[in-house]
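Me: I am new to this structure and would like a close look at a single part of it. Could you choose one residue, describe its setting with care, and then lead me outward to the parts around it and beyond?

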Amino acid sequence: MEMAIGSHPTCKLTPTKSLLSSSRVIEPSKLNPIYSSSWQKRQFHGRALSIKTKSINSRTPLRNSVKCSVTEATDSTTEIKPQLVRRDGIRNIAIVAHVDHGKTTLVDAMLRQAKVFRDNQFMQERIMDSNDIERERGITILSKNTSIQYNDTKINIIDTPGHSDFGGEVERILNMVEGILLVVDSVEGPMPQTRFVLKKALEFGHAVIVVVNKIDRSSARPDYVVNSTFELFIELNANDEQCDFQVIYASGIKGTAGLSPEKLADDLGPLFETIVRCIPGPQIAKDGVLQMLATSIEYDEHKGRIAIGRLHAGALRRGMDVRICSSENECRFGKVSELFVYEKFNRVPVDTVEAGDICAVCGFDDIQIGETIADRAFGMPLPSIKVEEPTVRMAFSINTSPFVGREGKYVTGRNLRDRLFRELERNLAMKVEDGETSDTLIVSGRGTLHITILIENMRREGYEFMVGPPKVINKKVNDKLLEPYEIAIVEVPEEYMGPVVELLGRRRGQMIDMQGTGAEGQTMMKYKIPTRGLLGLRNSILTVSRGTALLNTIFDEYGPWAGDINTRDLGSLVAFEGGTSTSYALASSQDRGQMFIRPGADVYKGQIVGIHQRPGDLSLNVCKKKAATNVRSNKEVSVVLDTPVEFSLDDCIEYIQEDELVEVTPASIRMCKNPKMLKKFRGN
């Protein structure tokens, strides 16, 4: 399928024949078949690419082209195909970007200019980030659906996470859309997560519109960003049509966009026009049998489980009897109780949904992500959703500290197990396995942040438990031990380059590239580093750079074992007696290192109360009281205590070593020594 943009204000999608003589276009059959496996594969994995990619040396320099091309699906087989048509009144798009490149702010501007809200209605910033943790951390964690109406076209928009740890959210929603808006910062250019989401979109065969955002920044360098993005397309083996992408320059916070950085319109009109023009409508089998893949699951107290996905074929009606199929061809029957589509910022009940639209379905209490809602008589399952394997694991266990049950509501092993396995129903990138003991579970995820968000959610729900240090998941191939490697991009001022390079070198990092950025005095370094070397790196790199460094990482590949890595040079201060901490004891203890606690805090034996200033652990008594005598002193000696170090949940998880645990409760986060691992503390 090709779309050419000329001087006309609008253009229609017209199918053309393949440009290669060796390929031929399969004419859709008029029959009403049950879907063949090859057609299902194209529906799910995207349009097949029929144009051979030229060599890199023969490519011409990138220009601000106004042509949008989408490849027509072709197949060299002679199987019977259903009649496929384009639904022109709908565009399904996902907005993807690296973290902090402004995609959620851009969605806010799109909603505002599409009159989703009244002029006098209060609209908070980053309205798509509705989760409390998302607002506190300033990142998108869960993908969310909304829609706008532009002229006669309904545009379904899916806002996706930008952090690499939540890449599973991006992977599972890409089958719902036909194109993506790739948002790139006008200064930083393509970053690790940009590469990841673009690679997945190109594998699906999606059309791509590149949005150079934050073009109003004083240090913007749009030419460099566009050329870097073009080079990224080549590295990812994009075909000629995909490399001929449309570029839009925008300022999400101002709500302006244009085809050139010097000439921006007063609104986002050029962006809307480009979406309608360059993103094809959904390819559907209108007269085929019903097929809808459950891509996301939500829960409502009144409606129960709500399955969200795109209707691939047929029509879905309220009250309709359907078949629910898993990828293993195991089917069961159900009935659609309620049906919704997304209009503006709300779910609106409807009676019928036609193929190509994104909808929400109620009535199935046991439906899972990846299952297919199909026709009751002739339904066949669509290919299940596949996501990349986890790279980091952590051990979850019941709380065994003396303070167990003081603050939490759910403290038993059964509560912990039920909650973790319930998380698997919607978090496809996570895995849960039984541990060495009956009260221990191993949780695997894409990174420490991925698992930390789960821990924080469980805290707020009233759970009380303990977690061990993060460990990487290694593989053995041909009797060789392989470990995961990641690409780390560090942006740091020039005066702190030396300490940062030394730190990354100690953690087995290998420098791949180093260059100056648009900002004055800033240097960007690109490293390939074992995932083990990244554990606890964020705090260390902020310390050596005085809080000025920016670190971004993404999984690269499995490689040979890099050797031993020491992630912490200093030991811990451990309380050897329980009780209430006193100023008298802390005054002498703070000479040994930095303390975590204040006077009056309850502590127990084995709790970590500070950072030792030397390697190795040191046990001390922070509950010691001043001896009372009958000799009256002339004046009381005032005690001056240093401000204790306050660690967040992320900091604690990065800090702990193999023989240490983090105690997580709704009100407190403590660290302690693992009582199951005997270790001699160095005495006073």
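Reply: **A close look at one loop residue**

Glu-658 is partly exposed, with a relative accessible area of 44%, where buried means under 20% relative accessible area, exposed means over 50%, and partly exposed is what lies in between (1.4 Å probe, protein chains only). Please keep in mind that this is a predicted model, in which local features need pLDDT of at least 70 and side-chain atom pairs count only at pLDDT 80 or more, while totals for chains, interfaces and linings use all residues. Residues are numbered from 1 along each chain as its sequence is written, and side-chain values use heavy atoms, with hydrogens and water left out.

Glu-658 is found in the loop between α15 and β39; here helices (H or I, at least four residues) and strands (E, at least two) are DSSP runs, numbered from the N terminus. Leaving aside its neighbours within four places in sequence, Glu-658 is in contact, meaning heavy atoms within 4.5 Å, with Pro-469, Lys-471 and Met-677. With one of these, Lys-471, the side chain of Glu-658 also meets in a salt bridge at 3.0 Å, N to O, a salt bridge being a side-chain nitrogen of Lys or Arg within 4 Å of a carboxyl oxygen of Asp or Glu. Because Glu-658 lies in the loop between α15 (649-655) and β39 (660-664) and Lys-471 lies in strand β27 (residues 471-472), this pair ties together parts that are 187 residues apart in sequence. From C-alpha to C-alpha, Glu-658 and Lys-471 are 9.1 Å apart in space. Lys-471, like its partner, counts as partly exposed, at 33% relative accessibility.

From this loop we can step to strand β39 and to strand β40 (residues 669-673), which are linked by another charged pair. The side chains of Lys-673 and Glu-660 meet in a salt bridge of 2.9 Å, N to O, and since Lys-673 lies in strand β40 and Glu-660 in strand β39, the pair ties together parts that are 13 residues apart in sequence. Both Lys-673 and Glu-660 are buried, and the two belong to a network of salt bridges that links Arg-568, Asp-617, Asp-659, Glu-660 and Lys-673.

Two further residues help to fill in this neighbourhood. Asn-674, in the segment after β40, counts as buried at 14% relative accessibility, and, not counting residues up to four places away in sequence, Asn-674 touches Asp-659, Glu-660 and Leu-661. Met-671 lies in strand β40 itself and is buried, with a relative accessible area of 4%. Beyond its neighbours within four places in sequence, Met-671 is in contact with nine residues' worth of surroundings that include Phe-596, Phe-647, Tyr-655, Leu-661 and Val-662. Met-671 and Val-467, although 204 residues apart in sequence, are 9.7 Å apart in space, C-alpha to C-alpha.

Away from this part, Glu-483 forms a salt bridge with Arg-532, the closest N and O atoms being 2.6 Å apart. Glu-483 lies in strand β29 (residues 480-493) and Arg-532 in helix α12 (residues 531-534), so the pair ties together parts that are 49 residues apart in sequence. Both Glu-483 and Arg-532 are buried.

A helix pair can be described as well. Helix α9 (residues 413-423) and helix α10 (residues 448-460) pack at an angle of about 130 degrees, with their axes 12 Å apart; the axes are lines fitted to C-alpha atoms, for helices over the stretch in contact, and angles run from 0 to 180 degrees between N-to-C directions. The two helices, α9 and α10, are therefore oblique to each other, given that angles under 35 degrees count as roughly parallel, over 145 as roughly antiparallel, 65 to 115 as roughly perpendicular and the rest as oblique. Where they meet, Leu-416, Arg-419, Leu-420 and Glu-423 in α9 face Leu-454, Asn-457 and Met-458 in α10.

Finally, the whole chain gives the setting for this close look. The protein chain comes to 15 helices and 40 strands, and buried residues make up 55% of its 684 residues. A search of the whole structure finds 32 salt bridges. Among contacts in the protein chain with a separation of 6 or more, residues 24 or more positions apart account for 73%.
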